[in-house]
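Hi everyone, thanks for coming. I'll walk you through one protein today, so have a look at the picture before I start talking.

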Amino acid sequence: MKRFQDLNSNIITIMDMERVDGRSPHQLRPLSCSCNLLHRAHGSARWSQGDTTVLAAVYGPKAGTRKNENPEKASIEVIWKPKTGQIGKLEKEYGMILKRTLQSICLLTIHPNTTTSIIVQVISDDGSLLPCAINAACAALVDAGLPLRHLAVGICCGLTESGFVILDPTKLEEQKLQAFASLVFPNSPISVFSKGPLLVEGEPIEHGLVASVTHGAMPVEDYLNCLERGRLATDKISEILRRMQQRFLDDGRTTEISSTQ
């Protein structure tokens, strides 16, 4: 009887590693980024990961800061727009996380007493939405030519019920996961792999991590595994952002850049 149970367990384990779209556990969906799409915006970018697509637009910096903001620094405003309907609790949470992430990578002392607005429009959501929005917003900031400490790279890591870590889960996969974490890393080898802590606004970034949002219960060991897998998988995303930044520096404009896995 025990032998049958072990065999059955192995079958479940193998099935758990197979994904509906045929990807391996650590394979990302095809990535694409198009910039300079909106003529009235100072910067814009559309970021797609598989069937998840987000459009981000940057307006500013404009004179004056928002209420209760420090006038000696630039103010960042994030407006999150869902695909349909009114903004809910989760969207408000995502908007706040995105704001704090962008505040950490922008040089806020360059344009004091100004406000930069970033509007994020969800076009389609097939999972890993928050990292996709972060990548879109970061690309839009580059397109706008705003001064940044470094670029940010967002990725989602999921933990299956059998304990396997998968990257860039779809919406269907998210619903079946034990837990998943949206992770944001600085796009700088020195920042990520430096032995000393990375400082932002005088505060250290633990493990070269800009932001982390976890849904569901995840053991510490599995979370650290997600950090490792996520960090290793950011190279493709980082490459797209670097190519886009270089193209902007070369001719002041960017077009579509993509990467297939």
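Okay, one bit of vocabulary: a residue is called buried when its relative accessible area is under 20%, exposed when that is over 50%, and partly exposed in between. With that in hand, 48% of the 261 residues in this protein chain are buried. The surface that the chain does expose comes to about 13500 Å², and carbon and sulfur atoms supply 52% of it.

Keep in mind that this is a predicted model. So how confident is the predictor? The mean pLDDT of the chain is 82, with 79% of the residues at 70 or more. Strand β5, residues 114-124, has the highest confidence, at a mean of 95, while helix α5, residues 189-193, has the lowest, at 37. Two stretches are worth pointing at. Over residues 1-15 the pLDDT stays under 50, and the model has two contacts there beyond four places in sequence. Residues 189-207 also stay under 50, but for that stretch the model has 24 such contacts.

Now the overall layout. I count six helices and twelve strands in the chain. If you take the contacts with a separation of 6 or more, 72% of them are between residues 24 or more positions apart.

Let's zoom in on one piece: β4, α2 and β5. Together they make a β-α-β unit, and which hand does it have, left or right? It's left-handed. Start with strand β4, residues 75-81, which is mostly covered, as five of its seven residues are buried. Then comes helix α2, residues 89-105, with 17 residues. From its first C-alpha to its last, α2 reaches 25 Å, close to the 24 Å you'd expect at 1.5 Å a residue. The buried residues of α2 include Tyr-94, Ile-97, Leu-98 and Leu-102, and Lys-99 is on that list too. Finally there's β5, which runs parallel to β4 and is joined to it by seven bridges. One to find on your screen: Lys-81 has Gln-121 in β5 as its bridge partner.

Next, three single residues, and we'll sort them by how covered they are.

Thr-170 sits in the loop between β7 and α4. Is Thr-170 buried or exposed? Its relative accessibility is 11%, so Thr-170 counts as buried. Leaving out residues up to four places away in sequence, Thr-170 touches Asp-21, Arg-23, Arg-29, Asp-126 and Gly-127.

Leu-172 is in helix α4. Its relative accessible area is 43%, so Leu-172 is partly exposed. Leu-172 and Val-20 are 152 residues apart in sequence, yet their C-alpha atoms are 9.3 Å apart in space.

Last one: Ala-217, in the loop between β11 and α6. Why does Ala-217 count as exposed? Because its relative accessibility is 56%, and the cut-off for exposed is over 50%. Being exposed doesn't leave Ala-217 without contacts, though: Ala-217 touches Gln-178 and Ala-179, not counting residues up to four places away in sequence. And if you look at Phe-180, which is 37 residues from Ala-217 along the chain, the two C-alpha atoms are separated by 8.6 Å.

That's my tour. Shout if you'd like to go back to any of these spots.

Notes. Residues numbered from 1 in each chain as written. Predicted model: local features only at pLDDT ≥ 70, side-chain atom pairs only at ≥ 80, totals over all residues. Heavy atoms only, no water. Helix = DSSP H or I, 4+ residues; strand = E, 2+ residues; numbered from the N terminus. Expected span 1.5 Å × (residues − 1). Buried < 20%, exposed > 50% of the residue type's maximum accessible area, 1.4 Å probe, protein only. pLDDT = per-residue confidence, 0-100. Contact = heavy atoms within 4.5 Å. Pairing = 2+ DSSP bridges. Right-handed = clockwise from strand over helix to strand, strands pointing away. Areas by Shrake-Rupley, 256 points an atom, 1.4 Å probe, with all protein chains shown as cover.
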